[in-house]
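Reader: I would like a close look at one part of this model. Please take me through a pair of neighbouring helices and what surrounds them.

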Amino acid sequence: MRSILYFIKRIHTFAGKTLYFNLFGMVLISLFEGVGIFLLVPLLSFSGMMDVRLEDDSPLSAINHLFNGIPENLSLSFILGLYVILMICHALFQRYQIILNGKIQQSFIRHLRDETYKNLIQANWGFFLKKRKTDIINSMTTELSRVAGGTYMFLQFMTSLVFTFIQIGLAFWLSAKMTIAVLLFGLALIFFSKTFIRKSSEIGNQNVELSKAYLAGITDHFNGIKDIKSNSLELIHLDWIQSLSMKMEQNVIELIRLNSFSKLINKIVSAFLIAGFVFFSIKMFQAQTAQLMLVIIIFSRIWPKVSGIQSNLEQLGSLIPSFHALLNLQNECLEAKELSEESFKNFESIQIKYGLQCKNVSFRYNQHNSFYALKDINVQIPSNHMTAFVGPSGAGKSTLIDLLMGLNQPEDGEVLVDGKRLTNENIFSLRRSISYVPQDPFLFNATVRDNLLMIEPNASDEEVWGALEFASAAEFVKKLPNGLDTLIGDRGIRLSGGERQRIVLARAILRKPSILVLDEATSALDTENERKIQEAIEQLKGKMTIIVIAHRLSTIRNADQVIVLDKGRVVQNGSFHQLALDSNGLFSLLLGKQSEALLVNS
Ligand SMILES: Nc1ncnc2c1ncn2[C@@H]1O[C@H](COP(=O)(O)OP(=O)(O)OP(=O)(O)O)[C@@H](O)[C@H]1O
């Protein structure tokens with residue numbers, strides 16, 4: 001229940017004034033409907049269909065008196081005309097209210113979507129390292145649409161609630177005793193419904209977990225479809241989906257069972273209620289026919305709404321976990337927030353004069369684990385030179401680059417940019433000055449041109465082609481069906497690995513960065529293209545700071561400095577030739593292995 005109240009509070013904070021407008025509309029609609037029912041008495045009385053005898057002090061006789069001044073031959077038409085006008089007003093207001101509800105629902109969802117996305121995009125890299133990507137996608141899609149459903153449910157719940165209160169008020173006016181009797185039954189039902197709401201919320205929690213597992217699994221499977229096919233793992237994955245689907249099905253059926261059971265109880269209780277109510281009204285309260293008829297009509301209209309309220313509350317209960325999933329995600333993002341939106345815009349790139357430096361840097365991915373990905377790192381990366389990081393897999397090369405780019409912060413020691421400690425103050429200026437080309441280059445499902453301009457929107461066609469030439473990509477881009485305007489598919493899937501790497505390299509160069517970081521950026525290229533790119537990168541020496549991670553050691557032959565990492569520590573540092581001559585060092589061991597491999601393969 002507390003969660004539902006929190007949800008209501010959030011909608012209230014967001015919609016505020018509009019919500020009260022909406023509430024006012026609901027009151028009017030309920031009043032029109034209520035007054036419409038009251039018109040039944042004079043209608044029946046004037047039409048002669050029913051002999052309506054009323055006591056003078058009863059509220060109904062006051063309504064009847066209103067029509068006394070009207071000539072008898074006109075009164076029927078007058079009442080019917082009034083009824084039509086009331087119903088038209090009712091219908092008009094109802095339409096207005098439906099639109100308003102839609103607006104509140106949609107803008108609340110837009111607000112949640114934008115806010116969550118903004119918080120996500122402003123979270124630091126550490127947050128994304130900890131979080132499963134598919135959990136984020138699940139929150140932004142499935143959970144968000146469940147919250148949209150919940151908002152609609154909430155507005156319906158409000159409508160039913162207002163309607164019920166107004167109708168109860170009218171019934172109270174007609175007969176306080178009869179109304180109190182009905183309300184006592186109603187209260188007992190509301191108390192009883194608490195268990196249902198709690199149970200629904202539990203099922204909702206399971207729903208969130210199941211849809212996270214589903215999305216994560218499906219994404220993994222289709223990302224790895226080549227592995228599945230080539231290793232004939234279809235059956236294992238089919239078993240997985242079947243068992244998860246079964247759980248999802250059972251979960252939903254359990255919710256349906258729960259909702260329908262509470263509806264069943266409601267129906268049975270209502271039958272008893274109506275029978276008991278009519279019995280007591282006639283036997284104990286000596287109700288007048290007209291009064292009894294109206295109270296029955298009113299309550300027969302309220303009752304579905306009351307069970308609607310209960311079912312809304314149950315459904316809200318089952319949707320609240322989705323709302324919580326979104327809020328938790330937002331809170332986690334806020335805890336991991338790097339900088340505000342304004343600050344993001346205000347950073348200018350910097351020109352590195354002297355270089356970057358790591359001073360006694362240590363880093364762990366998990367503070368509860370004794371394993372250090374990097375330990376006591378001391379390195380100097382001079383500006384406008386080429387520095388290469390090498391080492392066996394898992395040595396800590398990518399982790400070190402992430403620290404240099406300010407994506408992760410050292411646990412001990414410091415990263416310096418031109419002698420100044422890397423902090424929130426200069427981290428974004430540094431990143432603006434960097435172009436990073438990762439191992440697995442990312443391209444958007446857009447044209448080649450759009451993918452390039454994303455990083456430098458004002459670049460001219462000449463600059464774009466210049467960057468493509470640099471990355472040895474111009475030739476194949478010209479041959480694409482629409483040249484620069486060719487769509488390259490989801491994640492650049494319509495291009496080969498090497499072609500994708502070359503486009504991403506061109507994109508990096510287009511930015512004219514002060515620091516170019518190449519993390520295994522040419523690993524997918526053939527020897528010919530790799531040689532061309534190496535020559536091009538050679539020409540950049542002296543113009544920008546180049547940091548390279550390379551497995552193929554032949555590619556860093558001309559680096560000014562080679563830093564060898566092993567098990568999170570720097571084990572060697574020097575020029576390629578110096579290190580190659582140190583026959584006891586790890587570098588010559590790695591070099592030897594690669595030469596052997598080359599000989600074996602040739
Ligand atoms: N997100 C992470 N969470 C926990 N541990 C990590 C994470 N990323 C890397 N590690 C661990 O940190 C160590 C250094 O990893 P890193 O990716 O920096 O190595 P690398 O030298 O770049 O390896 P490779 O050449 O295979 O890319 C490894 O032991 C790795 O398992």
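Author: What follows starts with the whole chain, turns to helices H18 and H19, and ends with some loops and the ligand shell.

This is a predicted model: local features need pLDDT of at least 70, side-chain atom pairs count only at pLDDT 80 or more, and totals for chains, interfaces and linings use all residues. Residues are numbered from 1 along each chain as its sequence is written.

The protein chain has 21 helices and 10 strands. These are DSSP runs, numbered from the N terminus: helices are H or I with at least four residues, strands are E with at least two. Of the 602 residues, 33% count as buried. Buried means that 20 or more other C-beta atoms lie within 10 Å of the residue's own; exposed means 12 or fewer; partly exposed is in between, with C-beta atoms placed from the backbone. Two residues are in contact if their C-beta atoms, placed from the backbone, lie within 7 Å. Among contacts between residues at least 6 apart in sequence, 79% join residues at least 24 apart.

Now H18, residues 497-510. This helix has 14 residues and reaches 20 Å from first C-alpha to last, close to the 20 Å expected at 1.5 Å a residue. The expected span is 1.5 Å times one less than the number of residues. In H18, 12 of the 14 residues are buried, so the helix is largely enclosed by the rest of the structure. Among them are Arg-500, Arg-502 and Arg-507, along with Ile-503, Val-504 and Leu-505. The packing partners of the buried residues are strands S6 (434-437) and S7 (515-519), and helices H15 (448-453), H16 (461-470), H17 (474-479) and H19. After H18 comes Lys-512, with a positive phi near 50°.

H19 covers residues 527-540. H19 also has 14 residues, and its 20 Å reach is close to the 20 Å expected. Its buried residues are Asn-529, Ile-533 and Ile-537. They cover an arc of only 75° around the axis, so they sit on the same side of H19. The arc is that of the directions from the helix axis to the C-beta atoms. An α-helix has 3.6 residues a turn, so residues three or four places apart point the same way. The buried residues of H19 pack against H18 and strand S8 (545-549). On the face turned away are the exposed residues Thr-527, Glu-528, Glu-535, Glu-538 and Gln-539. Gly-542 follows H19, with a positive phi near 95°.

Two loops also hold positive phi values. Asn-384, not a glycine, has phi near 60°. Asn-384 lies between strand S2 (374-382) and S3. It is partly exposed, with 18 other C-beta atoms within 10 Å. Lys-567 has a phi of about 45°. Its loop joins strands S9 (561-566) and S10 (569-574).

Last, the ligand. Residues around the ligand include Leu-129, Tyr-365, Gly-396, Lys-397 and Ser-398. A residue is near the ligand if its C-beta atom, placed from the backbone, lies within 6 Å of it. H13 gives the most to this shell, with three residues. Pro-392 sits in the loop between strand S3 (386-390) and helix H13 (397-404). The C-alpha atoms of Pro-392 and His-551, 159 residues apart along the chain, are separated by 8.0 Å.
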